[in-house]
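Trainee: I would ask for a close look at one part of this model, namely the pairing of its charged side chains. Please set that part in the context of the backbone around it.

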Amino acid sequence: MSRRASAVPLKGMKMKLSNYYVPTLKEAPKDADNLSAKLMIRAGLIRKLGSGLYEWLPLGLKVLKKVENIVREEMDRAGACEVWLPVVQPKELWQETGRWEHFGDQLLKIEDRKKAEFCVSPTAEEVITDLARKDISSYKQLPVCLYQFGTKFRDEIRPRFGVMRAREFYMKDAYSFCATDEQATDWYQRMYDAYTRVFTRCGFKFKAVEADTGAIGGNFSHEFMVLADNGEDAIADCPACGYAANTEKAAVKAPAFTINEADFKPMEKRPTPKAYTVEDVAKMLNVGTDKLIKLLVFTADGEPVVALVRGDHELNEPKLRALLKCTELEKASEEVYTQVTGSPVGFAGPQGLKARNPKIKIFADNYVKGVVNGVAGGNETDVHVINVNPSRDIEVDAYCDLKIASEGDCCAKCGAKFNFTRGIEVGHIFKLGTKYSAAMKAEFLDEKQKANPFIMGCYGIGISRVVAAAIEQSHDDNGIIWPEPIAPFDVSLIAIDYDTNPEVKKAADELCAKLEAAGLSVLMDERDERPGVKFKDADLMGLPHRIVISSRTVKDGQFEYKRRADKDAVRKDLSAADAFVAELKK
């Protein structure tokens, strides 16, 4: 007799919790460092294998696949074509774009038995561009957009936040190849619209914001942020004109200052022994941190440059990189810092810097211009200078927007004051231009038979991040509250006394069959456990609808119903189950 499993589901088979693998926990492991990680582990969605590496269990995988299916449907609707690309990629492709060296330590490099070098894919620009250049030769074949679902690996120096910043993660990445800027803009908008539909269908409150292009490159991008109070990213949102960007990208209006030079005092040195931070110096000199002028030294494509920001602000490195139009921007080494400033690290001041180093370029944030009688490094160990006035004492090449947007800043487009919220990035779309196609000589022939590089776009969704973001946005003290479109099951059917009361078993089985016949998925908890245990597990797992059938309810010809997001349960008549199921299905 054949032992091969039947391809046809067996009649009468129900998804029962007693034989479904959902290992719930009362407490999360101590190393679970954010809410979604704690709830995903406690609810039996994932288990941790190692640092930044997670196993997806049946309940978690169901959610992951639901998100994947929504994304696939919207990508197909937009006109993209699905492919499957290798996870292991040859070194030679990455050398063509220079990213074998420049991607950094996040790139996991490996060797095969022949000592040939490869990397484990963190992204797929090189591979997809190579695919296109092999098969696309004419403008008549363009535009085209290809996408895939797959595992990516980035060797994060400090994996954290569970699956939100893991080393291995699951994502959808898509790439458009176009002949003209108009085609490229059209595909960017198509993906923007598709992502809007995806996250709407997932049941999220979200916002698309302008963002820095980062390591992927290109000249324009949007992040799609799921709004959550404890989100990892800050969003600057203009209530007047609708402009929104993450705080690393948000353009800040230059403030207007009224400065009276009669208020300027002579500069004086002050001893500041062992005062190494802005806060230490401000406390020692009894001034606000907004009085300090921070001097930072960077190398831009190998050339040193100085940036100045106010002590209570943070320098925005992407803005500085964009200003300098450089490929690489790095904080200078101690040696370079000392060579540029002639001062020990931490005590350099911009006053007189041009006299000491005429070739150095100095760029200051707009807010620095308004500092009156401020404080800067004294250009010697354990010394700072007070009464530094930028218009009098500092020679600046340009004042510009160099700070990370923060409370009190105003929109550069309309001047209204920003609102600030927090979010979790779940999708990112980029206008890449010809960055990769030009580097890899991926070209097509236009109408005049002239060779041109493809104009590209790149569009990613972190499928595994979407699952975590849903939990961060929708939960309570008892557990997860799944948005209905991506919940692993629609209904949690708790049957109390299932094995000991035939009436309970009959009522639970019949209602389960009605729900499933209507297309609703049901996870029945018929375990021999106390009611309190079942209720706690149901709340923890967070299925949208909870139905309870017990000896007490059956005696009254009823069952109990509660939406997971509601506080109170209501009684329903078993005789009206058909109408209830029809209403639930709407």
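Mentor: The account below begins with the salt bridges and then follows the neighbouring elements outward.

The model is predicted, so local features are reported at pLDDT of at least 70 and side-chain atom pairs only at pLDDT 80 or more, while totals for chains, interfaces and linings use all residues. Residues are numbered from 1 along each chain as its sequence is written, and side-chain values rest on heavy atoms, with hydrogens and water left out.

Side chains of opposite charge can pair when their charged atoms come close. Here a salt bridge is a side-chain nitrogen of Lys or Arg within 4 Å of a carboxyl oxygen of Asp or Glu. By that criterion the structure holds 43 salt bridges. Some of them are joined into a network, which links Glu 73, Glu 74, Arg 77, Arg 197 and Arg 201.

Consider a pair within one helix. Arg 133 and Asp 130 form a salt bridge whose closest N and O atoms are 2.9 Å apart. The two residues are three positions apart in helix α5, so about one helical turn separates them. Helices (H or I, at least four residues) and strands (E, at least two) are DSSP runs, numbered from the N terminus. Burial is judged by relative accessible area: buried is under 20%, exposed over 50%, and partly exposed in between, with a 1.4 Å probe and protein chains only. Arg 133 is partly exposed because its value is 25%, whereas Asp 130 is buried because its value is 12%. Beyond this helix, α5 (125-135) is followed by a loop leading to β7 (144-153), and Pro 143 lies in that loop. The peptide bond between Leu 142 and Pro 143 is cis, with omega about 5°.

Which side chain meets Asp 537 in a salt bridge? Its partner is Arg 527, at 3.0 Å from N to O. Asp 537 belongs to helix α15 (residues 531-541) and Arg 527 to the loop between β28 (522-525) and α15, so the contact ties together parts ten residues apart in sequence. Both Asp 537 and Arg 527 are buried.

A further pair is Asp 556 with Arg 571, at 3.4 Å from N to O. This pair links distant parts of the chain: Asp 556 sits in the loop between α16 (551-555) and β30 (558-563), and Arg 571 in strand β31 (residues 570-573), 15 residues apart. Asp 556 is partly exposed because its relative accessibility is 45%; Arg 571, at 36%, is partly exposed for the corresponding reason.

Several of these elements meet in a sheet. Two strands pair if DSSP finds at least two bridges between them. An open sheet of five strands runs in the order β28-β27-β29-β30-β31, with mixed pairing. β28 and β31 are the edge strands, each with a single partner, so one side of each has no neighbour in the sheet. From one strand to the next the twist averages 25°, with axes taken as lines fitted to C-alpha atoms (for helices over the stretch in contact) and angles running from 0 to 180 degrees between N-to-C directions. β30 and β31 are antiparallel and share four bridges, and Gln 558 stands opposite Asp 573 in β31.

For comparison, consider strand β11 (residues 233-237), where four of five residues are buried. β11 pairs antiparallel with β21 (residues 419-433) over five bridges, and Asp 237 has Asn 419 as its bridge partner in β21. Three bridges join β11 to the antiparallel strand β12 (residues 244-246), where Asn 246 is the partner of Ile 235. β11 and β12 form a hairpin with six residues between them, and Gly 242 in the turn has a positive phi of about 85°.

Positive phi values also occur outside glycine. Asn 286 has a phi of about 60° and lies in the loop between α7 (278-285) and β14 (293-300). Asn 286 counts as exposed because its relative accessibility is 72%. Asn 379, in the loop between β18 (374-377) and β19 (383-388), has a phi near 65°.
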